[in-house]
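Q: Please take one short stretch of the chain in this model and examine it closely, beginning with a single residue and working outward. I would like one connected account that ends with how the part sits within the whole.

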Amino acid sequence: EDVVDLELYPIHNLGSIKGSALVVDARAKLLSTGICQLPGFLRPRAISQTLVQVAGLADAMWYSENMHTVYFTEANEFVAQEHPLRYQVRSAKKALAFDLIPSSSPIKKLYESEVMTKFIGAVLNINPLYKSEDPLDCLEIASFQPGDELGWHFDNSEFSVTLMLQSPSEGGEFEFVPALRSDAFPNYEGLQQIIEGGATTGCIHINAAPGTLTLFRGRHALHRVAVVKGQVTRVNAVLTYSALPGMRLSELTQRLFYGRIV
């Protein structure tokens with residue numbers, strides 16, 4: 001209760017009328033738009049304590065600036081330069097890996113809590129839901145300085161869970177295009193138009209306030225974090241879960257975002 005506003009979001013009592021209504025409402029939002037946001041999920045003290053810890057570990061964060069495809073795969077040199085399988089976008093940010101986050105961190109305690117795992121599983125209608133077993137990426141705190149961004153991409157997982165800790169003064173919006181592709185239809189033409197800076201029809205722009213919990217289905221929705229501007233850093237935590245046990249990043253992605261392989 002020191003981390004989550006349990007009056008507003010009774011994740012510890014999902015069997016109650018209010019807890020059940022919370023799950024139903026969150027499921028409906030995910031079904032409707034592919035995204036569910038719960039503002040004020042984190043208590044202000046948990047946010048401030050986490051930001052102090054992150055500031056103290058600034059030198060331990062790994063800064064990466066890379067060009068990659070929207071699939072986080074090696075560029076296919078056998079297709080045209082502008083083809084999505086080959087076209088490169090930029091991502092630049094600092095990342096604090098799970099093994100460097102202090103055990104006293106409110107965010108780490110929340111992630112390790114079975115109450116939180118069961119709540120996320122209930123919203124996603126996945127039972128059981130598993131925490132990621134990646135020793136670096138299961139819980140990450142990402143920091144975007146002015147000029148940083150997370151380029152257009154699809155997630156390899158069906159969903160993502162994030163907590164906003166600090167919003168930038170300008171830029172850094174979360175942008176996504178729902179249902180741009182499917183397993184049967186890659187939609188290379190529509191995808192190419194967007195990543196080259198063209199058509200943005202259907203693109204949704206979101207600015208989350210600190211303390212907001214966001215659940216997002218990003219496997220088929222193209223999305224990015226726009227370039228951060230101004231003087232305030234964008235800081236958020238990424239909590240990784242899976243419908244299957246044993247989830248880990250590929251070595252390519254570990255090295256891309258953490259600078260090491262574990």
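**The strand β9, the loop after it, and their setting**

A: A179 counts as exposed, since its relative accessibility is 65%, and exposed here requires a value over 50%. The model in which this value was computed is a predicted one. A179 lies in the loop that connects β9 with α5 (188-195), and its backbone carries a positive phi, near 50 degrees, although the residue is something other than glycine.

The strand that leads into this loop has another character. β9 comprises residues 174-177 and is covered on both faces, with F174 and F176 buried on one side and E175 and V177 buried on the other. The acidic residue E175 is thus among the buried residues of the strand.

The pairing of β9 can be followed strand by strand. With β10 (residues 204-206) it runs antiparallel, and 3 bridges join the two; in this pairing F176 stands opposite I204. With β12 (residues 222-225) the direction is again antiparallel, and 4 bridges make the connection; here V177 stands opposite L222.

The positive phi of A179 can be set beside that of F72, where the value is about 55 degrees, again in a residue that is not a glycine. F72 also belongs to a loop, the one between β2 and β3, but F72 is buried, because its relative accessible area of 14% falls under the 20% limit, whereas A179 at 65% is exposed. A further backbone feature is found in the loop between α4 (114-124) and β4 (130-131), which holds P128: the peptide bond from N127 to P128 is cis, with omega near 5 degrees.

While β9 is covered on both of its faces, the helices give another view of burial, and α2 may be taken as the example. The 13 residues of α2 (residues 44-56) should span 18 Å at 1.5 Å a residue, and the C-alpha atoms at its ends are 19 Å apart, which agrees with that expectation. Its buried residues are A46, I47, T50, Q53 and V54. These residues lie on the same side of α2, because the arc they cover around the axis is only 130 degrees. The underlying geometry is that of the α-helix, in which a turn takes 3.6 residues, so that residues three or four places apart point the same way. Among the elements that cover the buried residues of α2 are α3 (106-112), β5 (139-144) and β7 (160-166), while the face turned away from that buried side carries the exposed residues P44, R45, V52, A55 and G56.

In helix α6 (residues 251-258), the buried residues are T253, Q254, L256, F257 and Y258. Seen down the axis of α6, they fall within an arc of 165 degrees and so line one face of the helix. They pack against β2 (62-68), β3 (89-96), β5 and β6 (150-153), which makes β5 a partner of α6 here as well as part of the cover over α2. After α6 comes G259, with a positive phi near 75 degrees.

A third helix, α1 (residues 17-33), contains L30, which counts as buried because its relative accessible area is 6%. Once the neighbours within four places in sequence are set aside, the contacts of L30 are with I35, C36, V123, L124, L215, F216 and R217. Not every distant residue is brought to its side, however: V235 is 205 residues from L30 in sequence and 23 Å from it in space, C-alpha to C-alpha.

Seen as a whole, the chain has 6 helices and 15 strands, and 48% of its 262 residues count as buried. Among contacts with a separation of 6 or more, 84% are between residues 24 or more positions apart. The chain has a radius of gyration of 18 Å, which agrees with the value near 18 Å that a compact globule of 262 residues would have, and its C-alpha atoms fill a box of roughly 55 × 40 × 35 Å along the principal axes. The exposed area comes to about 12400 Å², of which carbon and sulfur atoms supply 54%. In this setting, β9 is a strand with both faces covered, and A179, in the loop that follows, counts as exposed.

How values were computed:
Residues numbered from 1 in each chain as written. Predicted model: local features only at pLDDT ≥ 70, side-chain atom pairs only at ≥ 80, totals over all residues. Heavy atoms only, no water. Expected span 1.5 Å × (residues − 1). Buried < 20%, exposed > 50% of the residue type's maximum accessible area, 1.4 Å probe, protein only. Arc of directions from axis to C-beta. Contact = heavy atoms within 4.5 Å. Pairing = 2+ DSSP bridges. Rg over C-alpha atoms; globule rule 2.2 N^0.38 Å. Areas by Shrake-Rupley, 256 points an atom, 1.4 Å probe, with all protein chains shown as cover.
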